[in-house]
Amino acid sequence: MYSNGKKKKEMKKDIILSGVGGQGILTITSVIGLAAMKSGLRLKQSEVHGMSQRGGDVQSHLRISDGTIFSDLIPMGECDIIISVEPMEALRYIPWLSKNGWVITNAVPFENISGYPPISDIISELEKIDNHIIIDAGEVASRINSPLSGNIVVLGAASPYLEVVSSSSLEDAIRLFFSTKGEDIVEKNILAFNEGKRISEAIIRSKK
Amino acid sequence: MNKLLLCNEAVAQAAIDAGVSGMYAYPGTPSTEIMEYFISSEEAAKKNIHRQWSSNEKTAVEAAIGMSYAGKRAMVAMKHVGLNVAADAFMNVAVTGVNGGLIVVVADDPSMHSSQNEQDSRFYARFANIPCYEPSNQQEAYDMVFDAFELSEKYRLPVLMRLVTRLAHSRAPIKFKTDKNHQKNITLPDDPMQYILLPANARKRNKILIENYEMVRFDNRLSKFNSFEDGKERRMGVIATGVAYNYLKENISSSENSCPILKISAYPFPKDIVLGIFSRCEEVIVLEDGYPFLEESLRGLLDNGRKIYGRMDGTVPRDGELNPNIVARALGISSNNYTPVPSVVKPRPPQFCKGCSHIDMYLALNEAMRQYGNGRVFADIGCYTLGALPPYKSISSTVDMGASITMAIGAADAGLVPSVAVIGDSTFTHSGMTGLLDAVIKKSPITVIISDNSTTAMTGGQKSQATGMLDKICLGLGVEPEHMRVIAPLPKHHEENVGILREEIAYNGVSVIISRRECIQTAKRKRR
């Protein structure tokens, strides 16, 4: 009856952020959100609060555009980037991923359920996706002596694909977000971000 | 100024900007962040706005009624099922009417992300004969609060604002109003009889309420949030309420294929606006995130008029929340192809945190109850409801706040002895104390375990009303001191705790066991 006459927007990124409750999904969502707002873009940021935050699967829909954003939820098949702090959780949102969409995920599983599948099965599913970056954020975070910054490492790895927000605006947002926690925490997270970004860029170069 | 806020936070900031003097609430997903914003707001502190958690939603609404009685603006917030607890106060303040503006914010949870049912609070507003705002986005919610307070004061009616999870928990940049209102001074009601609902007066007040409800629908402060957009494609029109409007526009946003759209975000409304869309279109589809509230009233009992599509004929699923894809299907728009979830992905339900005190309580309880068999433990609402899941499988019920104790009483009345109740500290002071009094008076052979983690944990660790006072409360309600035991749920005390539980479960009377250890999340936050 109706044709889907939606015009493709000039500047638009629909992002799903995923992981397990307590892994800092809302933190990286907020950092990107802050950066988008400072860049003068519109955004809607749908979060999961409540029961799932107790070790359940948690996701956040972040929509950024220079035009009007109506739905708080991303339609299935229209997500540009899945950013996941946990590899199985990245796969949970595959139905939302667009044909040319990217998946950027941590490789380190969070095994808090019985029957967690073999990590090799998960990785091989992830590798079936045309555009993917899989990064060992846990290793990076402990190497830079900031074990709680795995989420920010993944954010750094995703930063080259965010396009609508620049790396420098993301860094500013990290500084703002962690400002109340002291200079040391801020600098560690900036380092985590840049390490994630560097590794991700190296993966891109090696693929070319 | 633009600030990135959750819709819940936008509502709170709007109330601050609109000159509210008192904010009242009991935590409940998805409404909790409204009060949390007030508590952490420096502006609210500077303005000395009263903002403290209440014991439950009923005490919260009643305190707000008192604030309004004194002539000041008040807001009260709760989740949808909280309004059941507050229903007595809520229904009657519609009849007394208000003095200072009063907004009751209720966050519904379609699809039951964190709830026991998906009741639609628009029915409560209709039930009480009061206006209802149903914002479709965060900015609209912010703006509505100002109109809602003015409307409330003009018609002396309390006003309900209905949010849904997806809106309540979604962030967007909010443009604040620059002309902020000052708080009001104390002014008592003009009519000293207004709040005295003796039958003779209540009958008078009820007529005033019914008249006001008819009049208020024409007021611009309400009706401006309903809007009509004409379109070229006139075979079918769409009526979309609240957030359903967003999902509609997500699918039909260009003007070339537009159809007539009636957006409803405020109730009641004049009949004319609905007649308008029905006069243009042969058929109408109704999109609502919740029950088919509007659809049912449009169809009427006879349902023999114009063709109406919606949840009741299966065009839209009968239950569950809407999303852009469900709306696309209802409109006959083909969605993008998408890849299904790979089969390797396993469900990951919520679970107890590592080191949670409820775990040790359930392990001891399971052992103590083994000799009696399954089906005798009635639980309540909180993190400890997760004791239903493997490997614990400790509990047989979770119905409503406080029902653990009273269901145990009834089961014991039926002969199921022993019966055990498991209730959290915050749920106990919310709705468990009266049930415990019943048990004491009746000398019910039940054992009540208060799993006291000294916080309202499930909703994120808000203050639990009676931390440090539970022992005294139980004794004050008449629990025998020798059957009021306190245990420390830790692995090292397991054997000892099982022994205490066995003794008290065997006792043919009321015993209370307070299993006390701080929530692991609260403890972590304190260490930081």
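Reader: In which loop is the place of B:Pro268?

Author: B:Pro268 sits in the loop between strand S12 (266-267) and helix H13 (271-280) of chain B. Helices here are DSSP runs of H or I with at least four residues, strands are runs of E with at least two, and both are numbered from the N terminus. Residues are numbered from 1 along each chain as its sequence is written, with chains lettered from A and ligands numbered from 1 in the order in which they are written. The model is predicted: local features need pLDDT of at least 70 and side-chain atom pairs count only at pLDDT 80 or more, while totals for chains, interfaces and linings use all residues.

Reader: What is the omega of the cis peptide bond from B:Tyr267 to B:Pro268?

Author: Omega is near -5° in that cis bond. Another cis bond joins B:Thr29 and B:Pro30, with omega about 10°. B:Pro30 lies in the loop between strand S2 (20-25) and helix H2 (33-40) of chain B. Most peptide bonds are trans.

Reader: What makes B:Ser111 partly exposed?

Author: B:Ser111 has 16 other C-beta atoms within 10 Å. A residue is buried with 20 or more other C-beta atoms (placed from the backbone) within 10 Å of its own, exposed with 12 or fewer, and partly exposed in between, so the count for B:Ser111 earns the middle label. B:Asn129 is partly exposed too, because 19 other C-beta atoms lie within 10 Å. B:Ser111 also has a positive phi, near 80°, and B:Asn129 has one of about 60°.

Reader: How do you know that H8(B) is mostly covered?

Author: In H8(B), 13 of the 18 residues are buried. The helix covers residues 138-155 and reaches 26 Å from its first C-alpha to its last, close to the expected 26 Å; that expectation is 1.5 Å times one less than the number of residues.

Reader: Where is the kink in H8(B) centred?

Author: The kink, about 25°, is centred on B:Met144. Such a bend is the angle between axes fitted to the seven residues ending at a residue and the seven starting there. After H8(B) comes B:Arg156, with a positive phi near 55°.

Reader: How do you know that S2(A) and S8(B) pair?

Author: Pairing takes at least two bridges found by DSSP. S2(A) and strand S8 (residues 170-175) of chain B have two, in the antiparallel sense, so they qualify as a pair. A:Ser46 stands opposite B:Ser170 there. Within chain A, five bridges join S2(A) to S3(A), also antiparallel, and A:Arg42 has A:Ser65 as its bridge partner.

Reader: How many residues does each chain give to the contact?

Author: Chain A gives 47 residues and chain B gives 47, where contact means C-beta atoms, placed from the backbone, within 7 Å. The largest share of chain A's side, four residues, comes from S2(A).

Reader: Why do S9 and S14 of chain B count as edge strands?

Author: Each has a single partner strand, so one side of each is left without a neighbour in the sheet. The sheet is open, has mixed pairing and runs in the order S9-S11-S10-S13-S14 (chain B). Three bridges join S9(B) to S11(B), in antiparallel fashion, and B:Ser227 is the bridge partner of B:Lys263.

Terms used. Contact = placed C-beta atoms within 7 Å.
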